[in-house]
Amino acid sequence: MPQGQPARVPDDGLSTRQRRNKPLIMVHTGPGKGKSTAAFGLAMRAWNQGWDIGVFQFVKSAKWRIGEQTVMERLARLHAETGEGGPVEWHKMGSGWSWSRKDGTEEDHAADAAEGWAEIKRRLADERHDLYLLDEFTYPMKWGWVDVEDVVETLTSRPGRQHVVITGRDAAPRLVAAADLVTEMTKVKHPMDAGQKGQRGIEW
């Protein structure tokens, strides 16, 4: 896209404004670092525009608090106190979702993931958020906890102007095909290759 201009203009009957404002399905996948990092950067841009943001973090332990969560929750408080930016909700799986807290086995976590997706579907139907960040959501699909076809059908038929970004390795081909924007992070080098573990401020 030289100078921000599309390479071609489709004959779809839409105006430039309509085409520009079309809600997107975005996928950040691949083996490289930075998938979630890029998605949270996008969320901060969205917050600055006053968008309503829903973060749904799959797989990571509910006991593990990442730096982005602290920042986004502070931005949520700032919005509540001053009206600046937009509202933010943060939900994560591990020992359960915030609306379904419980410890359990892998089967329980699979059920939690399915319920998490069911809640997201309800919110999409209600047009609850402007941006949905489904972090590491490729894994429940890969493991068979959430049906890929149901995800694709729900996202491609969602009402209103709701953007969705999904992160995680091994994105399903059907999801990639349905998405409007797909970025594959490819590892060239990583500190772990040289025996260096993750560090504060870089990994969390």
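**Exercise 1. Which residues are buried in helix α6 (residues 148-156), and how are they placed around its axis?**

Solution. The model is a predicted one, and the first step is to list the buried positions of helix α6, which are Val148, Val151, Val152, Thr154 and Leu155. The second step is to look along the axis: these residues cover an arc of only 170°, which puts them on the same side of α6. The third step is to ask what they meet, and the buried residues of α6 turn out to pack against β1, α4 (106-126), α5 (138-142), β7 and α7 (173-178). A last step goes to the start of α6, where a side-chain oxygen of Asp147 comes to within 3.3 Å of the backbone nitrogen of Glu149.

**Exercise 2. Find out how strand β7 (residues 163-167) is enclosed, and which strands it is joined to.**

Solution. Begin with burial: five of the five residues of strand β7 are buried, so the strand is largely enclosed by the rest of the structure. Next, sort the side chains by direction, bearing in mind that in a regular strand they alternate between the two faces of the sheet. In β7, His163, Val165 and Thr167 point one way, while Val164 and Ile166 point the other way, and all are buried. Then turn to the partners: four bridges join β7 to strand β1 (residues 25-29), and the two run parallel. Four bridges also join β7 to strand β6 (residues 131-135), again in a parallel arrangement, with Tyr132 standing opposite Val164 in β7.

**Exercise 3. Is His28 buried or exposed, and which residue of β7 stands opposite?**

Solution. First locate His28, which has its place in strand β1. Since a residue is buried under 20% relative accessible area, His28 counts as buried at 7% relative accessibility. Across from His28, in β7, stands Thr167. Finally, leaving aside neighbours within four places in sequence, the contacts of His28 include Lys35, Ala38, Ala39, Val165 and Thr183.

**Exercise 4. Decide how the rings of Phe40 and Trp90 are arranged, and which parts the pair ties together.**

Solution. A search of the whole structure gives six aromatic pairs. For Phe40 and Trp90, the ring centres are 5.4 Å apart and the planes lie at 10°, so the pair is stacked. Phe40 lies in helix α2 (residues 35-48) and Trp90 in strand β3 (residues 88-92), so the pair ties together parts that are 50 residues apart in sequence. Both Phe40 and Trp90 are buried. To finish the aromatic survey, note that Phe58, Trp117 and Phe137 form one aromatic cluster.

How values were computed: Residues are numbered from 1 along each chain as its sequence is written. This is a predicted model: local features need pLDDT of at least 70, side-chain atom pairs count only at pLDDT 80 or more; totals for chains, interfaces and linings use all residues. Side-chain values use heavy atoms; hydrogens and water are left out. Rings of Phe, Tyr and Trp (its six-membered ring) pair if their centres lie within 6.5 Å; planes under 30 degrees apart count as stacked, over 60 as edge-to-face and the rest as tilted. Buried means under 20% relative accessible area, exposed over 50%, partly exposed in between (1.4 Å probe, protein chains only). Two strands pair if DSSP finds at least two bridges between them. Contact means heavy atoms within 4.5 Å. The arc is that of the directions from the helix axis to the C-beta atoms. A polar contact is a pair of N or O atoms within 3.5 Å; within protein, one must be able to donate a hydrogen and the other to accept it, and residues adjacent in sequence count only if both atoms are side-chain atoms.
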